[in-house]
Amino acid sequence: MKIDLAVLGRQFELHQAEYEAAALRALRSGWYILGHELENFEREFADYLGAKFCIGVNSGLDALTLTVRALKIGAGDEVIVQANTYIATVLAITENGATPIFIEPDEFYNLDADKIETAITNKTKAIMVVHLYGQASNMEKICAIARKYNLPLIEDCAQSHGAKFAGKMTGTFGIGCFSFYPTKNLGAFGDSGAVVTDDENFAKKIKMLRNYGSEIKYHNKLEGVNSRLDEIQAALLRVKLSHLDELNSERKNIAARYLREISNSKIILPKIREDAEHVWHQFVVRTKNRADFQSYLEKNNIKTVIHYPIPPHLAECYTRLGYKRGDFPIAEKFAEEVLSLPMFNGMTEAEVDYVIGVLNNY
Ligand SMILES: *Cc1c(COP(=O)(O)O)cnc(C)c1O
């Protein structure tokens, strides 16, 4: 048996007729940018989350970058962010000229809420959390700190569509920034993303920024960009959204089997936070000798990926920030030990059996 980390074609096949009908509807409408499909998707996704406004943009990175810009965060400002995230989270800060202030992760791979307060200075302009791998961060503590210091809270929800903390959807605690990159839990068939907020003025601002900074055509109030979610992707996302809960519960079933049946003391399994509902964007395990473990899996035809091998503070592009190995030992240790196991919609019982068997024989 040969198993990939993710086989995207399977979730297309799961609801193929619906996707094809939606794409044709959008094609035949004769309207391809900023039309009814997007308006409907924005309404439906906001309703799904329990938020007031959703604004579709071109990618998750744009959702984050435009959010930072709309908050007027720029040169000389600091944004608190976790050290073990995907580079895009940090690029959104530096793209606006602001400085990322990295915080070590907790045992759930999310920002360690106990380490935020000592990092706050008079330059701090926002706290950015990442619900990494599909699990909500400690929102009770983080929201309390954001309130105490009157700081906006930006949530990178690129991996957490449908994930909850204490029954409330991620993306509704602060400003929610979503990616619909094809591999995400709510993935499109191309690039797209969205910003979610309850603040009408903020929503208006993002709406202007995504369309050259204009509310009324040719009346440009802000220096905006072109970052729109097109009609075909919106139509396809509406189909996927209507199945998101079943897609997430399929992932939860695979994760439950991994957690129950992988029993090998060399493998550290993920922990679930009390109050968090995990949607298993990735099922991430750790081992001391990862290179050996990964090549063993490779030999047994199981493909795995490292999310992520280089923490942003050590990325070549951020040499100018002046960090060195040892500055964030927990994030660095995770970068050396984590490995994502195959996890995707349409994964068969036999495939899950096979992965578990191979892992237990390691
Ligand atoms: C995927 C991802 C992004 C970026 O999303 P794009 O749509 O690819 O720009 C940002 N943050 C995290 C944590 C991600 O996983």
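How far is a nitrogen atom of the ligand from an N or O atom in the side chain of Asp-156? I looked this up first, keeping in mind that the model is a predicted one, and I found a separation of 2.7 Å.

I then went through the other side chains that meet the ligand through N or O atoms. For Gln-159, I noted that an N or O atom of its side chain lies 2.8 Å from an oxygen atom of the ligand. For Ser-179, the corresponding entry is 2.6 Å, again between a side-chain N or O atom and an oxygen atom of the ligand. I also looked up how much of the ligand is covered, and wrote down that the protein covers 91% of the 380 Å² of accessible area that the ligand has on its own.

Next I turned to the surroundings. The ligand sits in the largest pocket, and the elements that give two or more residues to the shell around it are α4 (60–70) and α5 (87–94). I listed 13 residues around the ligand, of which Gly-60, Asp-156, Gln-159, Ser-179 and Lys-184 come nearest. By character, the shell residues divide into six nonpolar, five polar and two charged.

Last, I returned to Ser-179, which I placed in strand β8 (residues 175–179). Is Ser-179 buried or exposed? Its relative accessible area is 6%, and because buried means under 20%, I entered Ser-179 as buried. Besides meeting the ligand, the side chain of Ser-179 reaches the backbone nitrogen of Tyr-181, at 3.1 Å.

How values were computed. Residues are numbered from 1 along each chain as its sequence is written. This is a predicted model: local features need pLDDT of at least 70, side-chain atom pairs count only at pLDDT 80 or more; totals for chains, interfaces and linings use all residues. Side-chain values use heavy atoms; hydrogens and water are left out. A residue is near a molecule or strand if one of its heavy atoms lies within 4 Å of it. A polar contact is a pair of N or O atoms within 3.5 Å; within protein, one must be able to donate a hydrogen and the other to accept it, and residues adjacent in sequence count only if both atoms are side-chain atoms. Accessible areas come from the Shrake-Rupley method with a 1.4 Å probe; for residues, only the protein chains shown count as cover. On a 1 Å grid over the protein atoms alone, a cavity is a set of points where a 1.4 Å probe fits but cannot get out, and a pocket is an open set with protein on both sides within 12 Å along at least five of seven lines; lining residues have an atom within 4 Å of a point. A molecule sits in a cavity or pocket if more than half of its atoms lie within 2 Å of its grid points. Helices (H or I, at least four residues) and strands (E, at least two) are DSSP runs, numbered from the N terminus. Ala, Val, Leu, Ile, Met, Phe, Trp, Tyr, Cys and Pro count as nonpolar, Asp, Glu, Lys and Arg as charged, and the others, Gly among them, as polar. Buried means under 20% relative accessible area, exposed over 50%, partly exposed in between (1.4 Å probe, protein chains only).
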